[in-house]
Amino acid sequence: MSNRHTLALLTALCLYGTAHAQPAKTSFPKMMPLDQYLMERNAEITLARSAAPPSISTDADVLILGRHGYETASKGKNGFLCYVERAWHGDPDGPDFWDPRVRGPICLNPAAVRSVLPVTKRKTDLALGGATKEQVVSRISSSIEKKELPLPEVGAMCYMLSSKGWLAGANSHWHPHLMFYLPETAAWGENLPGSPVLSFKDHMDHLTLFMVPVKKWSDGTPDVPHEH
């Protein structure tokens, strides 16, 4: 796999990415009007649930993005939680940080609900409150260092199996995959020739994100390779 495709894939995965030696020119240097990021309520609930198989997402909590942050749209009973991430949860060095087209359906397991979701909500509060990209990065990193926000719990993971999301610009449609949140020092033999595991270190969130592609989307249809 070429370096270009490796970077593109990592950028597409859950709106994260690696730092580029030559930062890409962005089409969205600041946050656009809020209405561009909002969705119709039922459409967002459906998109959020598409992140995981119905056996998981049907009984999961669902959040939707409102004018003042994420709000509960449906209460579940299995401890999982599904929602749709927006661009500001992504790579601050990439070109898509404020891209209003980004929609990343994601379904967190209980450990991630407790330890990853608070960071997600805080980023959203900062973005909707008018913070710049630089302020989002510095305040999140500082809050984690001060233990005002948690590091991921052991076992924190999520499903990203939706074929309906838009993850990052031209590479909006990647593969169904699972993600695992671990400390920055963790190692799984990732990014090696023949390894099915991709990863990168997210220094803002103080973690390593491991990504494992799988064969089927949440609706059971097979993933069909395609060219970008």
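# Exercises on a predicted fold

β7 and β8 form a hairpin with four residues between them, and H206 in that turn has a positive phi of about 60°. Keep in mind as you work that this is a predicted model.

## Exercise 1: The hairpin turn

Task: Find where H206 sits, decide whether it is buried or exposed, and name a residue of helix α6 that touches it.

Solution.

Step 1. Begin with the backbone. H206 has a positive phi of about 60°, although this residue is not a glycine. Its place is in the loop between β7 and β8 (207–213).

Step 2. Turn to the surface. The relative accessible area of H206 is 18%, and the limit for buried is under 20%, so H206 counts as buried.

Step 3. Look for the helix residue. S141 is found in helix α6 (residues 133–145). Leaving out residues up to four places away in sequence, S141 touches H203, M204 and H206. S141 is itself buried, with a relative accessible area of 16%.

Step 4. For contrast, try N191. This residue is also not a glycine, and its phi is positive at about 65°. N191 belongs to the loop between β6 (177–182) and β7 (198–202). With 43% relative accessibility, N191 counts as partly exposed.

## Exercise 2: Laying out the sheet

Task: Write down the strand order of the open sheet and work out which strands stand at its edges.

Solution.

Step 1. List the elements along the chain. There are six helices and eight strands, and from the N terminus they run α-α-α-β-β-β-β-α-α-α-β-β-β-β.

Step 2. Put the strands in spatial order. The open sheet of eight strands reads β2-β1-β3-β4-β5-β6-β8-β7, and its pairing is mixed.

Step 3. Read off the edges. β2 (69–74) and β7 each have a single partner strand, so one side of each is left without a neighbour in the sheet. On average, neighbouring strands are turned by 30° against each other, direction ignored.

Step 4. Check the pairings at the β7 end. β7 and β8 run antiparallel and are joined by five bridges; here L198 has M211 of β8 as its bridge partner. β6 and β8 are also antiparallel, with six bridges, and L178 is partnered by V212 in β8. One strand further along, β5 (residues 157–160) pairs with β6 in the antiparallel sense over four bridges, and M160 stands opposite H177 in β6.

Step 5. Ask how covered β8 is. Five of its seven residues are buried, so this strand is mostly covered.

Step 6. Add a helix to your drawing. Helix α2 (residues 41–49) lies across β1 (61–66), β2, β3 (81–85) and β4 (104–108), and runs at about 135° to β1.

## Exercise 3: The disulfide

Task: Locate the disulfide, give its handedness, and state which strands it ties together.

Solution.

Step 1. Find the pair. The count comes to one disulfide, which joins C82 to C107 with an S to S distance of 2.3 Å.

Step 2. Use the torsion. About the S-S bond of C82 and C107 it is about -60°, so the disulfide is left-handed.

Step 3. Map the two ends. C82 lies in strand β3 and C107 in strand β4, so the pair ties together parts that are 25 residues apart in sequence.

Step 4. Check the cover. Both C82 and C107 are buried. Another cysteine, C158, counts as buried too, at 0% relative accessibility.

## Exercise 4: The nonpolar cores

Task: Identify the residues that touch the most other members of the largest nonpolar core, then follow the contacts of Y83.

Solution.

Step 1. Take the core as a whole. It holds 39 residues, and those touching the most other members are Y83, I106, L108, I140, M179 and Y181. Helix α5 (residues 117–128) gives the most to this core, with four residues.

Step 2. Follow Y83. Leaving aside neighbours within four places in sequence, its contacts are A48, L63, Y70, G104, P105, I106, L108, L117 and T120.

Step 3. Look for another cluster. A second, separate core has 18 residues, including A48, A52, M157 and L178.

Step 4. Step back to the chain. Of its 228 residues, 52% count as buried. About 11000 Å² is exposed, with carbon and sulfur atoms supplying 56% of it. Among contacts between residues at least 6 apart in sequence, 65% join residues at least 24 apart.

Key: Residues numbered from 1 in each chain as written. Predicted model: local features only at pLDDT ≥ 70, side-chain atom pairs only at ≥ 80, totals over all residues. Heavy atoms only, no water. Core = buried A, V, L, I, M, F, W, Y, C linked by side-chain atoms within 4.5 Å. Buried < 20%, exposed > 50% of the residue type's maximum accessible area, 1.4 Å probe, protein only. Helix = DSSP H or I, 4+ residues; strand = E, 2+ residues; numbered from the N terminus. Contact = heavy atoms within 4.5 Å. Pairing = 2+ DSSP bridges. Areas by Shrake-Rupley, 256 points an atom, 1.4 Å probe, with all protein chains shown as cover. Axes fitted to C-alpha atoms, helices over the stretch in contact; angles between N-to-C directions. Disulfide = S-S within 2.5 Å.
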